[in-house]
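Work through the exercises below with the structure open. Each task is followed by its solution in steps.

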Amino acid sequence: MNKNLLSFAILALAAVILVVNIWKPNLTESEKKTTDQTEESVETEDIPGAKLSALREGAEAPDFELNTLDGKSVKLSDYRGKKVILNFWATWCPPCKAEMPHMQNFYEENKDKGVEILAVNLTNMDKGVDEVQNFVKEYGLTFTIPLDEEGTAGTTYQAFTIPTSYILDENGIITKKIVGPMDENMMKKLTDIK
């Protein structure tokens with residue numbers, strides 16, 4: 001009897017979730033505009049100036065400017081004309097550690113084919129710049145590592161589960177979002193590298 005009750009409760013919960021996600025009330029034109037604007041970007045109270053964007057395939061990737069480990073300033077828009085794997089990670093993250101050798105191999109094999117890797121370290125959630133430098137040295141990483149010391153880029157790109165990666169085309173348009181680690185074959189397929 002308890003198994004039947006539990007099964008019924010799970011099915012009822014699934015049905016409610018399905019209805020909530022599918023059903024949308026009829027909105028007036030002014031309400032639709034307000035809803036559309038709200039979905040485009042929402043100010044966060046935790047990080048002043050940071051916005052949660054409705055990042056979706058086909059949307060333009062929001063620009064940002066961060067400093068790299070060697071103190072250089074990089075902007076995402078500087079990479080227009082190339083495909084970009086925009087990756088968000090931290091040194092303490094086991095799936096990030098598993099993914100990094102694949103990213104390095106992919107980068108070495110394809111950096112002359114019009115593709116770049118920007119591996120944004122979520123420095124505000126990490127163990128400090130020294131730890132990031134040690135990680136980069138240990139893994140022999142040669143692609144660009146911007147440091148998100150304030151957490152604004154990670155928040156904008158909704159990197160709440162890491163690693164999170166976005167594949168951008170040559171025009172800075174998001175073609176795919178991946179949550180979780182990637183391997184070389186997956187990177188080749190997603191960037192359409194032959």
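**Exercise 1. Find where pLDDT stays under 50, and set that stretch against the chain as a whole.**

Solution. This is a predicted model. Step 1: pLDDT stays under 50 over residues 24–52. Step 2: for residues 24–52 the model has 32 contacts beyond four places in sequence. Step 3: the mean pLDDT of the chain is 83, and 73% of the residues reach 70 or more.

**Exercise 2. Describe how helix H3 and helix H6 pack.**

Solution. Two packed helices are described by the angle between their axes and by the distance between those axes. Step 1: H3 covers residues 94–110 and H6 covers residues 184–191. Step 2: the angle at which they pack is about 50 degrees, and their axes are 9 Å apart. Step 3: because of that angle, H3 is oblique to H6. Step 4: the crossing in which H3 passes H6 is right-handed.

**Exercise 3. Which residues in H3 and H6 meet, and how do they divide by type?**

Solution. Step 1: from H3 come His102, Met103, Asn105, Phe106, Glu109 and Asn110. Step 2: in H6 they meet Glu184, Met187, Lys188 and Thr191. Step 3: the residues of this contact divide into 3 nonpolar, 4 polar and 3 charged.

**Exercise 4. Count the disulfides and give the geometry of the link of cysteine 93 and cysteine 96.**

Solution. Step 1: the cut-off for a pair of cysteine sulfur atoms is within 2.5 Å. Step 2: the sulfur atoms of cysteine 93 and cysteine 96 are 2.5 Å apart, and the two form a disulfide. Step 3: the count by this rule is 1 disulfide. Step 4: the link of cysteine 93 and cysteine 96 is right-handed, with 80 degrees about the S-S bond.

Note on methods. Residues numbered from 1 in each chain as written. Predicted model: local features only at pLDDT ≥ 70, side-chain atom pairs only at ≥ 80, totals over all residues. Heavy atoms only, no water. Axes fitted to C-alpha atoms, helices over the stretch in contact; angles between N-to-C directions. Helix = DSSP H or I, 4+ residues; strand = E, 2+ residues; numbered from the N terminus. Parallel < 35°, antiparallel > 145°, perpendicular 65-115°, else oblique. Left-handed = near helix turned anticlockwise from the far one by under 90°. Contact = heavy atoms within 4.5 Å. Nonpolar A, V, L, I, M, F, W, Y, C, P; charged D, E, K, R; others polar. pLDDT = per-residue confidence, 0-100.
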